[in-house]
Amino acid sequence: MAVIRWILGSLILSLNWIFSPKIIKRNPSSQAKLNEKTAGLTLFQYPACPFCVKVRRTIKKHSLSVKLIDPRLCDHSSQELLEAGGKLKVPCLKIEANDTDIHWMYESSDIIKYLEDRVAEATSSA
């Protein structure tokens with residue numbers, strides 16, 4: 001089973017690299033506003049997870065500044081995801097509005113919609 005996962009993961013990463021999304025270019029002030037809107041976002045993800053790849057493609061396409069964390073590589077991150085988020089499941093978007101207002105979002109489609117809404121808010125006010 002591990003060999004099959006490795007092969008499929010390599011295939012997913014290769015196809016993602018070959019068919020990388022076209023990046024949307026913005027003027028510096030619009031990009032600064034967008035960076036401000038996404039400042040408190042952290043994506044817990046695995047590199048070869050297809051749902052994580054889908055979210056990362058959206059992040060890349062819109063040039064978003066979202067911190068990426070692989071919880072398998074850091075015990076502290078996996079513990080935080082499990083204790084604060086409630087599940088050891090990826091993709092998971094940690095949304096920090098301030099030190100006390102933290103939300104966790106797990107579904108890739110919901111995460112993508114949330115990110116695209118932040119892009120729309122930032123670009124509509126520009």
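A residue is called buried here when its relative accessible area is under 20%, exposed when that value is over 50%, and partly exposed in between. The structure discussed is a predicted model, and by the cut-off just given Lys94 is buried in it, as is Glu80. The side chains of these two residues meet in a salt bridge, with 2.3 Å from N to O. Because Lys94 lies in strand E3 (residues 92-96) whereas Glu80 belongs to helix H4 (residues 75-85), the pair ties together parts that are 14 residues apart in sequence.

This pair belongs to a wider set, for the count of salt bridges comes to 7. Another of them joins the side chains of Arg118 and Glu121, at 2.6 Å from N to O. Both residues sit in helix H5, and because they are 3 residues apart there, about one helical turn separates them. Arg118 has a relative accessibility of 14% and therefore counts as buried, while Glu121, at 33%, counts as partly exposed. Through salt bridges that share partners, Lys37, Arg118 and Glu121 are joined into one network.

Helix H5, which spans residues 108-124, also contains Ser109. With a relative accessible area of 45%, Ser109 is partly exposed. Its C-alpha atom is separated by 8.0 Å from that of Val55, although the two residues are 54 apart along the chain.

A further salt bridge, between the side chains of Arg72 and Asp70, has an N to O distance of 3.4 Å. The partners differ in their surroundings: Arg72 is exposed, because its relative accessible area is 54%, whereas Asp70 counts as buried at 12% relative accessibility.

Arg72 leads on to the largest pocket, which holds about 260 Å³ of space. Of the 13 residues that line this pocket, Arg5, Gly9, Ala48, Cys49 and Arg72 are the closest to its centre. Helix H1 (residues 2-18) gives the most to the lining, contributing 7 residues. Sorted by class, the lining consists of 9 nonpolar, 2 polar and 2 charged residues.

The outer surface can be taken up at Met1, whose place is in the segment before H1. Met1 is exposed, since its relative accessible area is 68%. Together with Ile4, Leu8, Leu11, Leu15, Trp17, Ile18 and Phe19, Met1 makes a nonpolar surface patch of about 950 Å².

Terms used
Residues are numbered from 1 along each chain as its sequence is written. This is a predicted model: local features need pLDDT of at least 70, side-chain atom pairs count only at pLDDT 80 or more; totals for chains, interfaces and linings use all residues. Side-chain values use heavy atoms; hydrogens and water are left out. On a 1 Å grid over the protein atoms alone, a cavity is a set of points where a 1.4 Å probe fits but cannot get out, and a pocket is an open set with protein on both sides within 12 Å along at least five of seven lines; lining residues have an atom within 4 Å of a point. Grid points are joined across faces, edges and corners, and a volume is the space filled by probe spheres set on the points. Helices (H or I, at least four residues) and strands (E, at least two) are DSSP runs, numbered from the N terminus. Ala, Val, Leu, Ile, Met, Phe, Trp, Tyr, Cys and Pro count as nonpolar, Asp, Glu, Lys and Arg as charged, and the others, Gly among them, as polar. Patches are made of residues with over 30% relative accessible area and no salt bridge: like charges are joined within 9 Å, nonpolar side chains (Val, Leu, Ile, Met, Phe, Trp, Tyr) within 5 Å. Accessible areas come from the Shrake-Rupley method with a 1.4 Å probe; for residues, only the protein chains shown count as cover. A salt bridge is a side-chain nitrogen of Lys or Arg within 4 Å of a carboxyl oxygen of Asp or Glu. Buried means under 20% relative accessible area, exposed over 50%, partly exposed in between (1.4 Å probe, protein chains only).
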